[in-house]
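Here are my notes on this one, in no strict order of priority. Have the structure open while you go through the points.

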Amino acid sequence: MSSAVRSQKSDLPFSRNLAFIIGIDDYSQLTSLGTAVNDAEQLAELLREKHHFEIGALLTNAHRQDLIELLEKTLPETVTAKDRVFFYFAGHGVAVDGEDGPAGYLIPADAINGDADTYVAMDKLQKALHQLPCKHLMLILDCCFSGAFQWSSRFRAGGAPPKRLYKERFDRFIREPAWQVLTSAASDQKALDELSGQTVGQRGIITKSKREEYEAWQKKPHSPFALALFEGLVGDADINPPSRQGDGVITATELYAYIRDRLEPATEKKDHRQTPRIFTLPKHDKGEFIFLHPNHRLNLPPTPDKSPYKGLVAFEEADVELFYGREKIVKEILEKLKAQPLIVISGNSASGKSSLVKAGVFPALRGQGFQILPVIQPGEHPLKALSDAFPAHANTITDKNISAEEIARALFHDISEEMNILLIDQYEELYSVCKNPDASAQFNSILQALLDISTADEISIIITVRVDFAGRLKDTALAGFLNNAYYQIPRLSLEELHQIVLMPTEQEVMIFEPPEMVDTIIGNVHHSPGALTLTARILRDLYEKYRSSGRRDRALKLADYENIGGVFGALATQADQLYNTIPPEAQEMMRKIILRMVEKAGNDIEHRRVNLDELIYIDEQETLRAKKVIADMNANALIVCGKGYIEPVHKALLTAWPVAKQWISENADEMALQNELTADANKPKALEEGFKLWVDHPQLDLLAKQLSHPENRFNAREQAFINMSLGLRAQERFRSQEEAAEKRRLEDEIHQAQQQMVYEVIEASWKTGTLLQPTHNTGTKGGREIYNQLKLLMNLSKAQVLSAMPVFVSGPHQQDLNLHANNFGYYNPEFVSWAKAHMIPASKSEPLRMLTQPFYDLFVQNMARVYYLTYQQLDKLPTLLETTKVEYLNDLQSGFRQSKSGGLFFENKFGYHLWSKMSEIGELGGIPKEINPYWFWVVSLGFWTRRDIDGTKREFKEILDLLLKTYDKAWFENPPKLPLYYQ
């Protein structure tokens, strides 16, 4: 090594590099180890020879008292504020459950198994180190459960190393406090001592190297962790970036990353995964514990004056140094590419597909020896894009007479000597931008032919495509290569977002002030659909604030973040910028789209995904306008385009953008109805025959009114749904009106038929009466005689059928006339009115009257006249009628104490009195004396008394008047004036 290089290695701002190293193999009560002492001794030599460390202590097989003396006496007496300290322990470690997590212990050689008092607690180690005055300290623990140290110190994990180290960052690393811990295993893992099948402990050799140093190490057994540590310290950890020469510096974080990448795969193959950890202690700030490369000068360019963030612009391969947080995803894609000639990387519009491939996958593939072919973005003319990428074959590609196979062979001839990667970026443009289906099909056929020709994996194709277009590949010439080809970008984890926010500033020597800003940003974006674009926008705006401030402190400040309005203010600003630059009709469409993204949950606003089918309108120009606005909103990272849907990049687009808030406020009353309409209209069979639609919906008329407005918000499907609902309702209403009219017509016909039937039956009854021959002196029997002879044709039940109502509302005559009952029936007033209209048909037919007059004269006349005269008597003596009613009702209640029937009541009360009066005259009101009207008088008195009680007296009097007027007109017009017999 030249003196220039060596002097450079010692030219660091520390008085001394002190190393304190412990290795324990020989345990009195525990399983002995075979590598810990070798590791400690080899590490001491390497640090001394390669990195100019003084070995402050090298303890092998140390007892507990040795360790206590080192911590409590040697360290505090040796270390000064100008020193930097390296502390290493190799041996047994244990972890037991504590109140706040696992409690770790280092095990000295004389430890008693199971007795924690004979161990050295990791928190004791942490406290002893914390007392040291130095600014830089690195602790390495190579023992089982060494990750438990994290719980003893409550320190935080470190991040990924910068991909390029600038001089300013290097100076900060040295200047600021650096207190870091590297452990060989997690808190629940054992550190391996051997992997080759030997039974000496659990550690051993896992690798061989061509370097002389490595060959020397193989002469003695070493733990897998120690070997990776040695390799890193002699320079292998200085490999960033992979495509460039090292910078001559090995940071603690780089050393950890190197050991992790060496150790994890090797231990996984042996089914005993061992995961190194790196943490920072409480005294840590912005420094890094560093080792200078033993064999290279420093290669530290000055920090360029550029933004550490790309904003909304996609990363290119040249931006690899700023591309963080996707290491796991890149690794998964590289593994998939080993088994697949075609990889289809799909994701939402805000998932960073292009950046992932260009700045993540491409650099890794170049490191593996792949040639990256020109990137092709199909655009409107995909074949031209292909010919631009391969200009030597432009004429061949665009010649319509040359087959896809011939074109593929021409291209393959130039690229077949190496492993090649062809990226088709934004594949969806074949369908969203290109208007020539034949050109798209030819493009796919050329890709398929390239894969067919590549029998030895000379070419692999990566396609990035928006997830909503990914399914289109199944209908192309590439369908045969799609088995296991798809890779959908997963959602970013909190850790990945942390890397994306923080690491570019680490790379470009910037800081967040205060550091908690990082957590604030991540907390605001983590659960949003467009977390990546929201993060990119606010970070871009933060840097622009820094640039415009004129400051040179390279600090992203909280004041600037608050001035922007935070993540949500930046989003609102972006929305304003777009809205204010588009024409009025596009602004109106933007309003419609935003309102469709709103879903009311009580008083809260939630965002909803909008199916792209919801933005198809009856007016084709409106549909095209919607597509254009969606493209603009997507380009401005206001929305996320998913598989057949769009949604706001964050709910804050609805709640933090004043314009959207005003739209939502103005339409608050209609939103629930709109959401309900959209949901029902989008049901699979909503517009098919038989679907109920909204015929009975109470808001259908309101929707019809809104639909009539030229600027209504309804899409084609919703308009069809509303119009079909209105049409179906009109049909149902018309049908109901028809049915009602038909019902009325039928009812009228039925009524007419019923009326005709009633007329015919009653007419037949009267006609039949003319055929009757009295069995005795009918003039004295009246109604009962008529009923008995006509009841086969007209009886109580037939009267009820004809009238469609009961004749009596109560009393003994519910089924048929009970002429021997002690009580009486209360007539139905409605029936009496019906009887007046129907029971005397001759009143409207003179021929019928003439035909039935004999029946009246023989059977009815005397009874009718007596009933008429009796009514006149009672009408002139209301007091008598009232007294009779009271007495009659009292006797009814008592069971007729004075007589055996209601009829006898009237006979006993009035009969003899009437008879004595009748004997004085020969003829009573035109009724011959020989007829003996005595019975008529008694029955008629009872009849009118009862009718006064049930309230039908006047209606029956009207029927009697009509009967007399029809058949006995001369007598009715001049009835006899009789004396008042009841005075």
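1. Start with isoleucine 639: its bridge partner is proline 648, which sits in strand 24. Keep in mind that we're looking at a predicted model here. The two strands involved, strand 23 and strand 24 (residues 645-648), are joined by three bridges and run antiparallel. Leaning on this is helix 23 (residues 620-635), which packs on the sheet and touches both strand 23 and strand 24. The direction of helix 23 makes about 110 degrees with that of strand 23.

2. Now zoom out to the whole sheet. There are three strands in it, ordered 22-24-23, with antiparallel pairing, and the sheet is open. Strand 22 (610-611) and strand 23 (639-641) each have a single partner strand, so they stand at the edges and one side of each has no neighbour in the sheet.

3. There's a second open sheet worth a look, with five strands in the order 14-15-16-13-17, and here the pairing is parallel. Its edges are strand 14 (371-372) and strand 17 (486-488), each pairing on one side only. Strand 17 is held to strand 13 (residues 342-347) by three bridges, and the two run parallel. If you want one specific pair to click on, take serine 346, whose bridge partner in strand 17 is glutamine 488.

4. On to the voids. How many cavities of 30 Å³ or more does the structure hold? The count is six. The largest cavity contains about 110 Å³ of space. Its lining is made up of Lys592, Leu595, Arg596, Val598, Asn667, Glu670, Met671, Gln674, Asn675 and Arg713.

5. Which helix gives the most to the lining of that largest cavity? Helix 26 does, with four residues. Helix 22 (584-596) and helix 26 (668-681) each put at least two residues into the lining. Sorted by class, the lining has four charged residues, three polar ones and three nonpolar ones. If you plan to set up anything around this cavity, that's the mix you'd be working with.

6. Two backbone oddities to check by eye. Glutamate 513 and proline 514 are joined by a cis peptide bond, with omega at about 5 degrees. Proline 514 belongs to the loop between strand 18 (511-513) and helix 18 (517-525). The other oddity is histidine 52, which isn't a glycine but still has a positive phi, near 60 degrees. Histidine 52 is in the loop that links helix 2 (36-51) with strand 2 (54-60).

7. Last, confidence. The chain has a mean pLDDT of 81, and 81% of its residues reach 70 or more. Over residues 776-780, though, pLDDT is below 50, and the model gives this stretch 13 contacts beyond near neighbours in sequence. Residues 897-902 also stay under 50, with 14 contacts in the model beyond four places in sequence.

Conventions: Residues numbered from 1 in each chain as written. Predicted model: local features only at pLDDT ≥ 70, side-chain atom pairs only at ≥ 80, totals over all residues. Heavy atoms only, no water. Pairing = 2+ DSSP bridges. Contact = heavy atoms within 4.5 Å. Axes fitted to C-alpha atoms, helices over the stretch in contact; angles between N-to-C directions. 1 Å grid on protein atoms, 1.4 Å probe; cavity = no way out; pocket = protein on both sides within 12 Å on 5 of 7 lines; lining within 4 Å. Points joined across faces, edges and corners; volume = space filled by probe spheres on them. Nonpolar A, V, L, I, M, F, W, Y, C, P; charged D, E, K, R; others polar. pLDDT = per-residue confidence, 0-100.
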